[in-house]
Amino acid sequence: MSRHSSVLKAPRREAQRLTPHPGEPSHGPLTAEELQLAVRNHSMPLEALRNDITPAGLHYLLNHFDIPFIDADHWHLRIGGAVQRAVELSIRALRRAPSITLPVTLECAGNGRSLLTPRPLSQPWVLEAVGTAEWTGVPLAYLLTQAGVDDDAVEVVFTGADSGIQGGVSQQFARSLPIAEALRPDVVLAYRMNGTALPPQHGYPLRLVVPGWYGMASVKWLTSIKVVTRPFDGFQQQVAYRYQQDADDAGSPVTWIKVRSLMVPPGVPDFFTRRRILPAGPVMLTGRAWSGQGAVQRVEVGIDGKWAPAQLERPAAPFAWCAWSMPWVADAGEHELSCRATDASGATQPLEQVWNYQGMGNNAVQRILVSVE
Ligand SMILES: Nc1nc2c(c(=O)[nH]1)N[C@H]1C(S)=C(S)[C@@H](COP(=O)(O)O)O[C@H]1N2
Ligand SMILES: [Mo]
């Protein structure tokens, strides 16, 4: 018996040794596994920062497992657990319920990960894992109130239809929210994105959208909502999405989006290096800024390390990004452009990366090299 099981275990150990351990930091070049994830999960091209609302096809995408194939006619949302009236709702019933529409900036918590040294092995985002869509759906609070949340409830667990294995753990993608967050009036169960049906890759037929929180909270392909009386200990809650110093550090949970700004790279790119080339003279530098921790209050633009305030527009909604602009007269030569936002909590983007083991919340300032001719 023991001989048999050791024979069975041997190839598995081998496989573990050959496959890079996700999350393990690397000083090496990009791996085939990272490339594989990068082509499945795309970011938003920086030029799309010009749009108030990101067209669905340009919105960033992050799917841990496969996109589930769901027939909405046979799909139901279960709401249960510590509630007085458990229900099962069809998509038609959800579309008949009161709805809200609101623009929300979503950003992946791993945005900026590939810029860290050493680099945590996972989806290798650069800077642009962000997008702002207009989400339409039923306020979660409406359905929870109808179901009647028990007094001893502490969290609400959201489970998606997608499943797979991560960190050796077989799972359906699931995340929880504290009760108080779940009852916020702007947390929405969305069945429309930018005025049309949710695309398959963004959670068809129904997803959660939690304004202000990093993207992992906004569970896609929802199948069940369960009110619980103990904190949820699922993989995506207790193991993934934590600010940790090393593998053994319990760390702290990733929650609200940190303040960040990005600039539309001016001029035109060199195809392969993406380095920018632009003519000398006046140019309007533009971009967007956002934060889940308080309204953006200031954006500064750095030209070769000298900072000056940009003009800020009002955001369309509390958790939608705001536009900023600053005129610059480009003189011939090589320049480094950057931008840095500060929010109402007083938080400012760091000039240097703050490293953590999973590569979470790296909101260090963007730097763009330009050649002015
Ligand atoms: N069911 C499910 N929901 C999910 C995910 C997932 O893999 N499965 N990824 C999460 C993560 S990490 C992010 S950043 C956002 C991305 O949403 P988007 O692809 O619509 O931009 O979805 C979240 N919801
Ligand atoms: Mo994410």
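Let's start at arginine 207, where a polar side-chain atom lies 2.7 Å from an oxygen atom of ligand 1. The protein leaves none of this ligand uncovered: of the 530 Å² of accessible area that ligand 1 has on its own, 100% is covered. Keep in mind as you look around that this is a predicted model.

Arginine 207 isn't working through this list of contacts by itself. Look at histidine 202, and you'll find an N or O atom of its side chain 2.6 Å from an oxygen atom of ligand 1. Histidine 64 comes in from another angle of description, with a polar backbone atom that is 2.8 Å from an oxygen atom of the ligand.

Now step back to the whole shell. Ligand 1 has 18 residues around it, and the closest are Tyr60, Asp162, His202, Arg207 and Lys220. Sort that shell by class and you get nine nonpolar residues, six polar ones and three charged ones.

So much for the neighbours; what about the space itself? The structure holds two cavities of 30 Å³ or more, and the space taken by ligand 1 is the largest cavity. That cavity contains about 240 Å³ of space. Its lining is made of 20 residues, and those closest to its centre are Leu62, Arg207, Gly215, Ser218 and Lys220. You've already met Arg207 and Lys220, as both are among the closest residues to ligand 1. By class, the lining of the largest cavity splits into 11 nonpolar, six polar and three charged residues.

The second largest cavity has a volume of about 40 Å³. To find it, look for Thr105, Gly212, Ile257, Trp290, Ser291, Gly292 and Phe319, which line it. Here the lining divides into three nonpolar and four polar residues, with no charged ones.

Next, let's turn from cavities to a pocket. The second largest pocket holds about 920 Å³ of space. A total of 29 residues line it, and Leu46, Val126, Leu127, Glu128 and Arg274 lie nearest its centre. Which strand gives the largest share of the lining of this second largest pocket? It's β24, covering residues 366–372, which supplies four residues. The pocket's lining counts 14 nonpolar residues, six polar ones and nine charged ones.

Finally, it's worth following the backbone through a few loops. Head to the loop between β4 (100–107) and β5 (119–120), where you'll find proline 118. The peptide bond leading from threonine 117 to proline 118 is cis, and its omega is near -5°.

Another cis peptide bond runs from tyrosine 204 to proline 205, this time with omega near 5°. Proline 205 has its place in the loop between β10 (196–197) and β11 (207–209). If the number 207 rings a bell, that's the position of the arginine whose side chain has a polar atom 2.7 Å from a ligand oxygen.

One last stop is asparagine 194, in the loop between β9 (188–193) and β10. Asparagine 194 is not a glycine, yet its phi is positive, at about 50°.

Key. Residues numbered from 1 in each chain as written. Chains lettered and ligands numbered in written order. Predicted model: local features only at pLDDT ≥ 70, side-chain atom pairs only at ≥ 80, totals over all residues. Heavy atoms only, no water. Near = heavy atom within 4 Å. Polar contact = N/O pair within 3.5 Å; in protein donor to acceptor, adjacent residues only side chain to side chain. Areas by Shrake-Rupley, 256 points an atom, 1.4 Å probe, with all protein chains shown as cover. 1 Å grid on protein atoms, 1.4 Å probe; cavity = no way out; pocket = protein on both sides within 12 Å on 5 of 7 lines; lining within 4 Å. Sits in = over half its atoms within 2 Å of the grid points. Nonpolar A, V, L, I, M, F, W, Y, C, P; charged D, E, K, R; others polar. Points joined across faces, edges and corners; volume = space filled by probe spheres on them. Helix = DSSP H or I, 4+ residues; strand = E, 2+ residues; numbered from the N terminus.
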